[in-house]
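Subject: Handing over the structure

Hi,

As promised, here is the structure you are taking over. Have a look at it first, and then read on for my notes.

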Amino acid sequence: MTALQSAATDAEPSAAAPLLDIRDLAVNFGPVQALAGVSLSVGRGEIVALAGENGAGKTTMVRCIGGDIAPATGEIRLSGVPLPAEPGARTRLGISVLWQDLALCDNLDIASNLMLGRERRLHLMSDVRLHTEAAQALSGLGFVDLPATTRAVSTLSGGQRQLVAVAKAIVHKPRLLLLDEPTAALGAAVSRQVEQLIMAVRQQGTSVLLACHDIDMMFRLADRIVVLRHGRVVAEVAPAEVHPDDVIALQSGQDADSSARGQLTRLHGLTGRLVSADPSSSLTLILSALGAALGSERLCIHLVSPDGLACAASLGIAEPLLTAWDRLPVGPKGGPPGLAAARREPVIEEDVRAGGSWAPFAALTRPAKVASSWSIPVPGPRGLAGVITVLRAMPGRPQRDDLDLVTLYAGYAASAIERDLLLEEVTARNRVLETIREMLQTLAGPLPVGQALTVALQALCRGMQADEAALILRESGREPQVRAAVGRRAGKPVRDAADASGELVRTAATVLGRARKDDVAVDVVGTAGGRLLAVPFAAPGGRAVLVARWYAGLQPGDAAALAEDAARSLQLALEREEASIAHQEALTLRRSRELQRGFLSRLSHELRTPLTAIRGYASSLLQPDVTWDAESQQRFVGRIAAESARLGRLVDDLLDFSAIESGILRLQRDWCDLPLVLEAAVACLPPDAAAQVTLSCSAGLPVVWADHDRLEQVFVNLLANAVGHNPTGTRVAVTAVAGAEHVEVTVADDGAGLTADVSRAPFESARRRRAPTAGAGLGLSIAKGIVSAHGGDIELVPQPVGTCFRIRLPVEADVQLAGHLAAAGGAADTGPMPALTAAVGRAGSPSASRARQS
């Protein structure tokens, strides 16, 4: 091993480093610069192709690497080590070259050429061994069609000589293989065989630098393609990312985008963008792509409208011209776009100074920097869809290819325009369906029908883009009545039936007064301008009309169909409302009967016990064969009186309970002083029971707006339960305190407490009746009903021992204000409050309460 080979081996870099590295390579042939600052690299096991026209520098590059010529400047490294100048040394480093001129020795046979420079001693001593190994090498490469290895190279054909040169370069498994036109003289079949050999050596780890003119072969074999032009690297591309046309364009100095493949790629990209783009931006995308394809920056497209042409999109057009071209008539007065639309053929103006179709806009050509133009019609499925106009700053006629490009993009524009029109139609249909869906959901939802009609009409107004809408009913023998109305009139919102315009009512009356077919829309001209649409239909108890109005007269084409569908939905809603009213009346009647039956059942049940006692004592007194002493008679009469009082209380409770359940409990409200009410309730208890009650009221309790007798009844029931259903000696505490917006009263005892069953629902009469000592069991239910009627609440407060009920009663706002003024040091002895308190004291004094109780 030579010192150079040893150094190269020691300097072997990592696999990630390139095998061949060329930096700033320059080669001059006299005044001609063949290579100028060329840099490239070839990785291990990589095929890099050199593309370029004749004279681009491909062969010069191969000769520099192979050592045939020395570069003027630059550096060539193999595995990071500079290459030696001697070609033989480069061969020993593993560089093999297939030269463009093949470099074969014509005076030698095939075997000698194949082994030239790599002969071993055995080859020099034995021709047989030389030819045997040469034949084996050729056979291993698949070159079985070559003549015998003893055949002189000078006698071979051009293709056979090419195969020998290829075999000579490949057979020794080089590290770097340089190929200059390896298949130039070969047929198609043999060329494919050589390509397969190149791929095989690449798989063995050999790096290949391929210089050729065959673009297709480059794309089949190469990992990268380096494009040379005039001795310089102009591009480096990956075959998977470009098209052969792009490489050809780069070789000839053209922009890759201007190639046929570039145009096709642009069209494919445009198609993809149009699919995902918003419809409003489709025409702008098409103009941008067309401008890039033509190399023009000023374009516009006009769409056909009812009154001519309307500019839908533009690029780079000066503002004065764009403003003038915003709306154009069809014909000569519309300039080039108008003339193209009228003729249905391209209008080309090579020089706008000559006038022609630019005559109406001649003054704008110089400020807009327009020297020539061409306008191309855009035909669509429904006729002429629009006109594309291209403006240029230089006079001249466009090339035929440019016109073909505009025609091609006009097809894309026609498709986009048709898609927009279809989208508008679908949107209109969806608007109809969405409006009907919203109306049906509203009318069938939980809202009351009266409120749902207004919400449904609002949805209909939005869907029809109407200014005002109303539903007008006319029952038999009566005048039309506005059931619901929505919209805006004279800038003010229409919120209810009272805001509906008189013209809507008059239109409805006119439509109803004539023999019109139901469920068919009638178009009416408004007296003050605008349009009205009326749909009559049958309604429960008469007929109805749905009326909509457009003040500007811009009525959508689908408004009639939408109004007819909406009228059917409103008809169903009115019928449902009628059925709901009938059902509600039936439910009310049924509940009334149930309440009557329940009341009679409770009345008979609760009255049976005292009536039985009264009848028993009375019958005993009336026995003809028994004489009762005075004491017994007095005792019997006392029991009869007690049971009669009990019977009276039961009847009162049953009446109160029925009134509460029926929701007809009436209160006689007045200003009440709560301490006086509590004292009156305690005074109603027997003396021994009243002695067990302690009453505590905080100072400054406000008066409440309540029914004195009903409140007293509540506290009497609570106190009677506390002392009557607990062991003897049970203490009862009544406390009253003032809150921010209410007065709170608690009635607590230290007795046995309520049973678990009653505690779960203390205010339900059925549960109370199951308590063994609860009497009729209506007291707490009545108490809750009375407190709720006052706007307050009553609750059972859990506690370890005994029972506690808490009552909250609201305080009126003016009473709170008076309390705040008094607390702030206001005139406590003046104003209405002292007189009010005095009146409460007179009305709710204990004596008056006891008088009412008795």
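Does E577 count as buried or exposed, going by its relative accessibility? At 16% relative accessibility, E577 counts as buried (buried is under 20% relative accessible area, exposed is over 50% and partly exposed is in between, using a 1.4 Å probe and protein chains only). You'll find E577 in helix α19, residues 559–621. Helices here are DSSP runs of H or I with at least four residues, strands are runs of E with at least two, and both are numbered from the N terminus. If you skip its neighbours within four places in sequence, E577 touches V449, G450 and R483, where contact means heavy atoms within 4.5 Å.

Before the rest, a word on where this comes from. It is a predicted model, in which local features need pLDDT of at least 70 and side-chain atom pairs count only at pLDDT 80 or more, while totals for chains, interfaces and linings use all residues. Residues are numbered from 1 along each chain as its sequence is written, and side-chain values use heavy atoms, with hydrogens and water left out.

Another glutamate to look at is E75, in strand β4 (residues 73–78). With 28% relative accessibility, E75 counts as partly exposed. Its C-alpha atom is 6.3 Å from that of L25, although the two are 50 residues apart along the chain. Again leaving out neighbours within four places in sequence, the contacts of E75 are D21, I22, R23, L25 and P82.

Now the sheets. Strands of a sheet pair through backbone hydrogen bonds, either parallel or antiparallel. Two strands count as paired if DSSP finds at least two bridges between them.

One open sheet has six strands with antiparallel pairing, in the order β13-β12-β11-β16-β15-β14. At its edges are β13 (327–328) and β14 (347–349), each pairing on one side only. Two bridges hold β13 to β12 (residues 308–315) in the antiparallel sense, and L309 sits opposite L328 in β13. Helix α16 (residues 400–443) lies across β11 (299–305), β14, β15 (372–380) and β16 (383–392), at about 40 degrees to β15. For angles like this, axes are lines fitted to C-alpha atoms, for helices over the stretch in contact, and the angle runs from 0 to 180 degrees between N-to-C directions.

Helix α16 also has a helix partner. The axes of α12 (residues 282–294) and α16 come within 10 Å and cross at roughly 170 degrees, so the two are roughly antiparallel (that label needs over 145 degrees; under 35 is roughly parallel, 65 to 115 roughly perpendicular and the rest oblique). On the α12 side the contact includes L283, I286 and L290, and on the α16 side L405, V406 and Y409 are among the residues met. By class, this contact has 13 nonpolar, one polar and two charged residues. Here Ala, Val, Leu, Ile, Met, Phe, Trp, Tyr, Cys and Pro are nonpolar, Asp, Glu, Lys and Arg are charged, and the others, Gly among them, are polar.

The other sheet I'd point you to is also open, with five strands in the order β24-β26-β27-β29-β28 and mixed pairing. Its edge strands are β24 (693–697) and β28 (793–796), each pairing on one side only. The twist averages 15 degrees from one strand to the next.

Within that sheet, have a look at β27 (residues 742–749): seven of its eight residues are buried, so the strand is largely enclosed by the rest of the structure. β27 runs antiparallel to β26 (residues 732–738), joined by seven bridges, and the two form a hairpin with three residues between them. A736 is opposite V745 in β27. Eight bridges join β27 to β29, again antiparallel, with C804 as the bridge partner of A748. β29 (residues 803–810) pairs with β28 in the antiparallel sense over four bridges, and there E795 stands opposite R806.

Helix α26 (residues 779–789) lies across β28 and β29, at about 20 degrees to β29. The axes of α23 (residues 708–724) and α26 come within 9 Å and cross at roughly 150 degrees, which makes these helices roughly antiparallel. Their contact involves V714 and L718 of α23, among others, and I782 and I786 are among the residues of α26. By class, there are seven nonpolar, four polar and one charged residues in it.

Cheers
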